[in-house]
Amino acid sequence: MTGTQQFDSALYGVGVRIREVLKKLPDTIKRKTEEIRLRAGLPVSLTVSSRPLFVLENGTVADFITRDLLTANTLDLEESFRLLCRESVYAHTAEIQNGFIMMSGGHRAGICGTVTQGGLMRDISSVNIRIAREVFGCASELIKEFDGGGMLIAGPPGSGKTTVLRDFVRQLSNGLCGRYYRVVVIDSRGELSGSYAGSCNNDLGRNTDVLLIPDKALGTQMAIRTMFPDVVVFDEIGTAAELKSVSDSLNAGVAVVTTAHIGKIEDITRRSVTNGLLRSGAISKIALLSGTLGSAPQILSTEDFLYDLDV
């Protein structure tokens, strides 16, 4: 899909009144939009190139608060929630309990509202639809650096980590780094694979298996035991259990490629999980993304990185 088509494909999760205005947006804006944000009683906004733009009622945008802004109301939010759930909230209970809803096409909707004791969501106050992107070739610099060992792709929110990871898997699986690797993707939210209703919508290469499972640590163990991969990939390492699964993969001779949110380089060692990841020996390279998709990543050797820290 083109960027415009990807944007339009996510609009099924937006209430009709607002959807009709968003359809009128210029293609130049649609192609660059990363998020569609709806907030009850507040202007509809887009995240474009990591900065907010506000939607006007005539289908144009402004980068400042002005008159004639398109404002979402409670009914718009409730309608969007129903559409995102395809009129079946029960079918998405497990996702909603984690604050998001998987969408067809690999998009993802974050939701805010009142969480009940049973973990359900009511009185929806915010919806954030994150547009999935396939950017072929955006991981080419990382592929050149891949040596068969583990890699951590790190950067601030919105820096394109998931997009880069997706293309990294595709190139690795298709033999674009000198050999064909058997890759298993542990996809906890369907975002990497674009999976929805059992169908994988994103191109992850010819030698990739996808395991959809909320528990990434358990998924990694299952993949190693049953699929015999060369590389296991998952997005956003964040727990001690996931760190242990990475260490177990090292002992099994399986490389792990994952991502982490960091604001600046020092955050890698300040966060206990990423610090432990580097010191585990399972990661040989760190790719630091600047925050602008398409800009060259900074590649660091884990050994050099840890040497500098110890000094």
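How much space lies in the largest cavity?

1. The answer is about 50 Å³ for the largest cavity. Keep in mind that this is a predicted model. The structure holds 2 cavities of 30 Å³ or more.

2. Look at the walls of the largest cavity. Its lining includes a run of residues, Ile 186, Asp 187, Ser 188 and Arg 189. Glu 191 and Leu 192 also line this cavity, as do Lys 216 and Asp 235. By character, the lining has 5 charged residues, 2 nonpolar and 1 polar.

3. Now the second largest cavity. About 40 Å³ of space lies there. Glu 134, Val 135 and Phe 136 are among the residues that line the second largest cavity. The others are Thr 163, Arg 166, Asp 167, Arg 170 and Asp 203. This lining divides into 5 charged, 2 nonpolar and 1 polar.

4. Next, the sheet. Strands of a sheet pair through backbone hydrogen bonds, either parallel or antiparallel. Here, 7 strands form an open sheet with mixed pairing. Trace the order in the model: E12-E9-E13-E14-E8-E15-E16.

5. Which strands are the edge strands? They are strand E12 (208–212) and strand E16 (298–301). Each of these pairs on one side only. Neighbouring strands of the sheet are turned by 20 degrees against each other on average, direction ignored.

6. Zoom in on one pair. Strand E8 covers residues 150–155, and strand E15 covers residues 283–288. The two run parallel, and 5 bridges join them. To find one bridge, start at Ala 154: its partner in E15 is Leu 288.

Key. Residues numbered from 1 in each chain as written. Predicted model: local features only at pLDDT ≥ 70, side-chain atom pairs only at ≥ 80, totals over all residues. Heavy atoms only, no water. Pairing = 2+ DSSP bridges. Helix = DSSP H or I, 4+ residues; strand = E, 2+ residues; numbered from the N terminus. Axes fitted to C-alpha atoms, helices over the stretch in contact; angles between N-to-C directions. 1 Å grid on protein atoms, 1.4 Å probe; cavity = no way out; pocket = protein on both sides within 12 Å on 5 of 7 lines; lining within 4 Å. Points joined across faces, edges and corners; volume = space filled by probe spheres on them. Nonpolar A, V, L, I, M, F, W, Y, C, P; charged D, E, K, R; others polar.
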